[in-house]
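Here are a few exercises to help you find your way around a new structure. Try each one with the model open, then check your steps against the solution.

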Amino acid sequence: MTSRFVSFRYFMLDAFIISLVLVFIDQPIAWRWIAIAFFVSISAYLLFSTYAYRLIVGIGISLMAILVMWFVGIPLWLALLLGMLTIYMLHGRFAVFYNGFSDDHHFLIKFVVVFSVCWVILLLNPEAQSTQSLFTIVPVAILFYTVSHVMYLYGFSKSDGARFSQLASALIALFSMASVAAIVTFYIADEVRLGLGWGVGGAIRLLFWPLALLMEQITEFLSGLSTEEEMQETIDKLGPDEKMTQNDQPIYEAMATDYPVEILLGLVILSCLIVLILWLRKQSQSYKSRYKKIVIA
């Protein structure tokens with residue numbers, strides 16, 4: 001049970017990291033993904049705590065998750081990609097047994113890196129809804145990280161005399177601090193973003209100050225280029241001979257073409273599926289070799 005709880009915890013932490021990226025696609029999708037990932041991880045925890053892990057069962061759970069995601073309004077192509085990620089996370093977390101948090105997958109480091117990248121993107125292209133969603137997911141993820149760690153420590157130390165009242169007191173304190181932090185962060189998110197944007201903009205301005213003269217010359221050169229309308233007016237002012245010479249030159253016009261987005265998405269999904277199958281095959285071979293070594297020993 002303890003090992004499966006660690007698997008459940010790691011699965012949800014990975015889901016929180018993915019949700020930071022989903023904020024840029026659509027804010028409700030990020031929260032729907034977190035909710036679906038929670039039910040998937042709970043189902044896997046309850047199922048694989050009683051029975052041995054089977055890949056086919058994990059694939060079945062993931063297929064159900066894809067149908068649910070499609071039903072709640074997530075686009076099919078995104079639901080397929082998230083479904084393959086679900087298979088990857090289920091197999092990576094529930095196919096192994098953990099002896100403790102010594103095998104921690106460094107959630108805080110990865111979470112801070114992904115959050116920093118997302119924050120920089122929001123500084124360059126600020127959106128109020130994306131900012132609020134991003135700053136709301138962060139305290140929820142940190143709260144889950146802390147609460148799950150406390151619950152694991154309680155389950156691990158229960159045999160040594162740890163009391164439930166101690167767990168309840170710790171959880172109440174954590175929820176209180178997280179609520180205050182979430183409220184404060186929610187109301188100062190825009191001010192913090194504007195302040196950091198001002199600071200980063202000033203740093204960039206100082207960094208590129210030596211190149212100001214070059215940028216000015218490039219700007220003057222670009223502004224001196226004639227537009228298509230100005231070129232046509234110049235041709236109309238020319239004489240018949242000069243106009244005939246201009247007309248002899250080929251004129252290339254940019255033609256609007258429909259970009260094959262569906263084909264590109266299909267290739268991306270197919271590539272991800274191939275990579276997932278190869279990874280699952282490699283992992284199964286690795287587990288079989290480990291099992292043979294254990295039997296021989």
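**Exercise 1. Work out which kinds of secondary structure the protein has, and how they are ordered.**

Keep in mind that this is a predicted model. Step one is to count: there are 11 helices and 0 strands. Step two is to walk along from the N terminus, where the elements read α-α-α-α-α-α-α-α-α-α-α.

**Exercise 2. Get a feel for the inside, the outside and the contacts.**

Start with the inside: of the 297 residues in the protein, 31% are buried. Now the outside: the accessible surface is about 19900 Å², and carbon and sulfur atoms own 69% of that. Last, take the contacts with a separation of 6 or more; 80% of them link residues 24 or more positions apart.

**Exercise 3. Decide whether the ring pair Y88 and W279 is stacked, tilted or edge-to-face, and say which helices it joins.**

The structure has 11 aromatic pairs, so let's pick one. The ring centres of Y88 and W279 sit 4.7 Å apart, with the planes at 55°. Stacked needs under 30 degrees and edge-to-face needs over 60, so this pair is tilted. Next, place the partners: Y88 belongs to helix α4 (residues 76-94) and W279 to helix α11 (residues 261-296). The pair therefore ties together parts that are 191 residues apart in sequence. Finally, check the cover. Y88 has a relative accessible area of 41%, so it counts as partly exposed; W279, at 23%, is partly exposed as well.

**Exercise 4. Do the ring check again for F115 and W119, then find out if they are buried or exposed.**

For F115 and W119 the distance is 5.4 Å centre to centre and the angle between the planes is 40°, which makes a tilted aromatic pair. Both residues lie in helix α5, 4 residues apart, or about one turn of the helix. As for cover, F115 and W119 are both buried.

**Exercise 5. Stay with helix α5 and look for a nonpolar patch on the surface.**

Begin at I109, which is found in helix α5 (residues 107-124). Its relative accessible area is 56%, and the cut-off for exposed is over 50%, so I109 is exposed. Now add its partners: F24, I109, V113, V117 and I121 make a nonpolar surface patch of about 440 Å².

**Exercise 6. Track down an aromatic cluster, and a charge over a ring.**

The cluster takes in F5, F8, F16, F38, F39, Y45 and F144. For the charge, go to R9: it lies over the face of Y145, 4.6 Å from the ring centre.

Technical notes:
Residues numbered from 1 in each chain as written. Predicted model: local features only at pLDDT ≥ 70, side-chain atom pairs only at ≥ 80, totals over all residues. Heavy atoms only, no water. Patch = residues over 30% accessible without salt bridge, like charges linked within 9 Å, V, L, I, M, F, W, Y side chains within 5 Å. Areas by Shrake-Rupley, 256 points an atom, 1.4 Å probe, with all protein chains shown as cover. Salt bridge = Lys/Arg side-chain N within 4 Å of Asp/Glu carboxyl O. Helix = DSSP H or I, 4+ residues; strand = E, 2+ residues; numbered from the N terminus. Buried < 20%, exposed > 50% of the residue type's maximum accessible area, 1.4 Å probe, protein only. Contact = heavy atoms within 4.5 Å. Phe/Tyr/Trp six-rings, centres within 6.5 Å; stacked < 30°, edge-to-face > 60°. Lys NZ or Arg CZ within 6 Å of the ring centre and 35° of its normal.
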